[in-house]
Amino acid sequence: MSPGTRIIEVRQNVLKQNDLLARALRQRFHDAGVFVVSMVSSPGSGKTSLLEKTLTLLQPQFRVAALVGDLATENDAVRLARSQAPVKQITTGTLCHLEAAMVQTALEGWNLADFDFLFIENDGNLVCPSSYDLGEDIRLVLMSVTEGEDKPLKYPTIFNSADAAVLTKMDLAAVVEFDRDAAIHNIESVRPGMAILNVSAKSGEGMEEYLEFFRARRADSAHRNSTIGSGA
Ligand SMILES: Nc1nc2c(ncn2[C@@H]2O[C@H](COP(=O)(O)OP(=O)(O)OP(=O)(O)O)[C@@H](O)[C@H]2O)c(=O)[nH]1
Ligand SMILES: [Mg+2]
């Protein structure tokens, strides 16, 4: 057996282990009635800014909580905690993504039935998180207007692993001459039919539609679960 083959086997085992844990987590989330949204993007696309606003705006109506991954620092947890929602930081050290086991450990001490929504902000990275299922109901891939319209073409795997794309920092779109049609065309060419939302955490543009997307997807999921539960 060549050394190259051994590396592939180890990686497959790690992924299989993660998939099994993620499946168990997904079942726990469904049993507890919590709708789980994860966010992936390159560093600095605006995940924490958008999530802080999301937690704040959803709270009058819903019970929300968040986990946030970074290689180092508690900075993002400190920012998210300003929303008054329960928040935990996961530091991944040399790893550039979250894994289901990290989520499972971070959830210790929380009663999932206390939450309607759990958000998971992944490490800022457009490559590593794509292969790791975290048991989430939906995965959002964020792309800020300052990154260039070609990111879906350069990083197709992460766009393929996500359920919806969120174009962020829309308040800067004109300044950086963001070509929205080209960005949408590129997303569509990688993942036809993907839901695409436009937001600015700074100006609040698009936030209502963005929040409505979650409310609708959570309601759909609750309906599906009750139909399955009733055997209908
Ligand atoms: N103009 C503008 N700036 C934004 C917006 N959202 C985030 N930013 C800025 O973009 C920078 C990065 O934002 P973060 O929210 O920390 O991004 P992130 O994706 O969480 O970053 P990492 O967790 O490090 O990957 C900060 O300086 C934010 O103030 C926005 O909607 N408009
Ligand atoms: Mg962040």
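This report describes the surroundings of ligand 1 and the strand arrangement in a predicted model.

**Ligand shell**

Ligand 1 is surrounded by 18 residues, of which Lys-47, Thr-48, Ser-49, Arg-79 and Asp-171 come nearest. By class, the shell comprises eight charged, seven polar and three nonpolar residues. Polar contacts to oxygen atoms of ligand 1 include those in the table.

| Residue | Protein atom | Distance to an oxygen atom of ligand 1 |
|---|---|---|
| Gly-44 | backbone N or O | 3.0 Å |
| Ser-45 | backbone N or O | 3.2 Å |
| Ser-49 | polar side-chain atom | 2.6 Å |

On its own, ligand 1 has 640 Å² of accessible area, and the protein covers 72% of this. Two elements, helix H2 (47-58) and helix H3 (75-81), each give two or more residues to the shell. H2 supplies the largest share, namely three residues.

**Sheet and packing**

The strands form an open sheet of seven members, paired in parallel and ordered S3-S2-S4-S1-S5-S6-S7. Strand S3 (87-91) and strand S7 (195-198) occupy the edges; each has a single partner strand, so one side of each lacks a neighbour in the sheet. From one strand to the next, the twist averages 20°.

At the S3 edge, strand S2 (residues 64-70) pairs with S3 in the parallel sense over five bridges. Val-68 has Gln-89 in S3 as its bridge partner.

Helix H2, which contributes to the ligand shell, also lies across strand S1 (35-40), S2, strand S4 (117-121), strand S5 (138-144) and strand S6 (164-168). Relative to S4, H2 runs at about 170°.

Notes. Residues are numbered from 1 along each chain as its sequence is written. Chains are lettered from A and ligands numbered from 1 in the order in which they are written. This is a predicted model: local features need pLDDT of at least 70, side-chain atom pairs count only at pLDDT 80 or more; totals for chains, interfaces and linings use all residues. Side-chain values use heavy atoms; hydrogens and water are left out. A residue is near a molecule or strand if one of its heavy atoms lies within 4 Å of it. A polar contact is a pair of N or O atoms within 3.5 Å; within protein, one must be able to donate a hydrogen and the other to accept it, and residues adjacent in sequence count only if both atoms are side-chain atoms. Accessible areas come from the Shrake-Rupley method with a 1.4 Å probe; for residues, only the protein chains shown count as cover. Helices (H or I, at least four residues) and strands (E, at least two) are DSSP runs, numbered from the N terminus. Ala, Val, Leu, Ile, Met, Phe, Trp, Tyr, Cys and Pro count as nonpolar, Asp, Glu, Lys and Arg as charged, and the others, Gly among them, as polar. Two strands pair if DSSP finds at least two bridges between them. Axes are lines fitted to C-alpha atoms, for helices over the stretch in contact, and angles run from 0 to 180 degrees between N-to-C directions. Contact means heavy atoms within 4.5 Å.
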